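Colleague: I have a model on my screen and some labels I want to test. Can you take me through how each one is earned?

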Amino acid sequence: MVPLIQTKELMALAVSIAIRCEGCITSHTDSAIKKGATEQEIIETIKVGMMMSGGPGMIYGSKAIAAAEQFFGKHLA
């Protein structure tokens, strides 16, 4: 079972993408990973944020992927 605080960070990440807040994306990506979010959970969360924000979500979703790659220290599939 995913811890509640990790779930909240993932939700905040999706919202951050949808509202186009770059600082929020970085912060919530970092926090979610520190709280144990897996690469797959981050990727799925980014997809939800992109889906909910239309075309601009593609730009901000890619920013979230870049942040996650930086925090994980590797390229995400």
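Modeller: Start with helix length. The expected span of a helix is 1.5 Å times one less than its number of residues. This is a predicted model, and H2 has 13 residues. Its first and last C-alpha atoms are 18 Å apart, close to the 18 Å expected.

Colleague: What makes the span of H3 agree with a helix of 15 residues?

Modeller: H3 runs over residues 39–53. At 1.5 Å a residue, those 15 residues should span 21 Å. The end C-alpha atoms are 21 Å apart, so the two values agree.

Colleague: And how do you know that H1 passes with its 16 residues?

Modeller: The expected span for H1 is 22 Å. Its end C-alpha atoms are 22 Å apart, so H1 agrees as well.

Colleague: How far should I trust the predictor here? What is the average pLDDT of the chain?

Modeller: The protein chain averages 94, and 97% of the residues score at least 70. Confidence is lowest in H4, at a mean of 93. The highest is in H2, at 97.

Colleague: Why is Ile42 called buried?

Modeller: Buried means under 20% relative accessible area. Ile42 has 0%, so it counts as buried. This residue lies in helix H3.

Colleague: What does Ile42 touch, beyond residues up to four places away in sequence?

Modeller: Ile42 touches Leu10, Leu13, Thr29, Ala32, Ile33, Ala37, Ala68 and Phe72. Take Ala68: Ile42 and Ala68 are 26 residues apart along the chain, yet their C-alpha atoms are separated by 7.6 Å.

Colleague: Which other residues of H3 are buried?

Modeller: Along with Ile42, the buried set is Ile43, Thr45, Ile46, Gly49, Met50 and Ser53.

Colleague: How do you know that the buried residues of H3 line one face?

Modeller: Look down the axis of H3. The buried residues fall within an arc of 165°, so they line one face of the helix. The general rule helps: an α-helix has 3.6 residues a turn, so residues three or four places apart point the same way. The face of H3 turned away from the buried side carries the exposed residues Met51 and Met52.

Colleague: Which helices do the buried residues of H3 pack against?

Modeller: They pack against H1 (4–19), H2 (22–34) and H4 (55–72). The buried residues of H1 pack against H2, H3 and H4. Those of H2 pack against H1, H3 and H4. In H1, the buried residues include Gln6, Glu9, Leu10 and Leu13. In H2, they include Ile25, Thr29, Asp30 and Ile33.

Colleague: Why is Ser53 called buried?

Modeller: Its relative accessible area is 10%. The cut-off is under 20%, so Ser53 is buried. Ser53 is found in H3. Leaving out residues up to four places away in sequence, Ser53 touches Ile17, Ala18 and Arg20.

Colleague: What makes Ser53 and Gly57 a polar contact?

Modeller: The limit is 3.5 Å between N or O atoms. The backbone nitrogen of Gly57 lies 3.4 Å from a polar atom of the Ser53 side chain. That pair is within the limit, so it is a polar contact.

Colleague: How do you know that Cys21 and Cys24 form a disulfide?

Modeller: The rule asks for cysteine sulfur atoms within 2.5 Å. The sulfur atoms of Cys21 and Cys24 are 2.3 Å apart, and they form a disulfide. By this rule the count comes to one. With 60° about the S-S bond, the link is right-handed.

Colleague: Why are these two cysteines called partly exposed?

Modeller: Partly exposed lies between buried, under 20%, and exposed, over 50%. Cys21 is at 22%, so it counts as partly exposed. Cys24 is at 25%, so it is partly exposed too.

Colleague: And why does Gly36 get the label partly exposed?

Modeller: Gly36 has 42% relative accessibility, so it counts as partly exposed. Gly36 lies in the loop between H2 and H3. Its phi is positive, near 105°. Setting aside neighbours within four places in sequence, Gly36 is in contact with Gln6 and Glu41.

Colleague: Which residues take a positive phi just after H1 and H3?

Modeller: Arg20 does so just after H1, at about 65°. Gly54 does so just after H3, at about 65°.

Notes:
Residues numbered from 1 in each chain as written. Predicted model: local features only at pLDDT ≥ 70, side-chain atom pairs only at ≥ 80, totals over all residues. Heavy atoms only, no water. Helix = DSSP H or I, 4+ residues; strand = E, 2+ residues; numbered from the N terminus. Buried < 20%, exposed > 50% of the residue type's maximum accessible area, 1.4 Å probe, protein only. Arc of directions from axis to C-beta. Contact = heavy atoms within 4.5 Å. pLDDT = per-residue confidence, 0-100. Polar contact = N/O pair within 3.5 Å; in protein donor to acceptor, adjacent residues only side chain to side chain.
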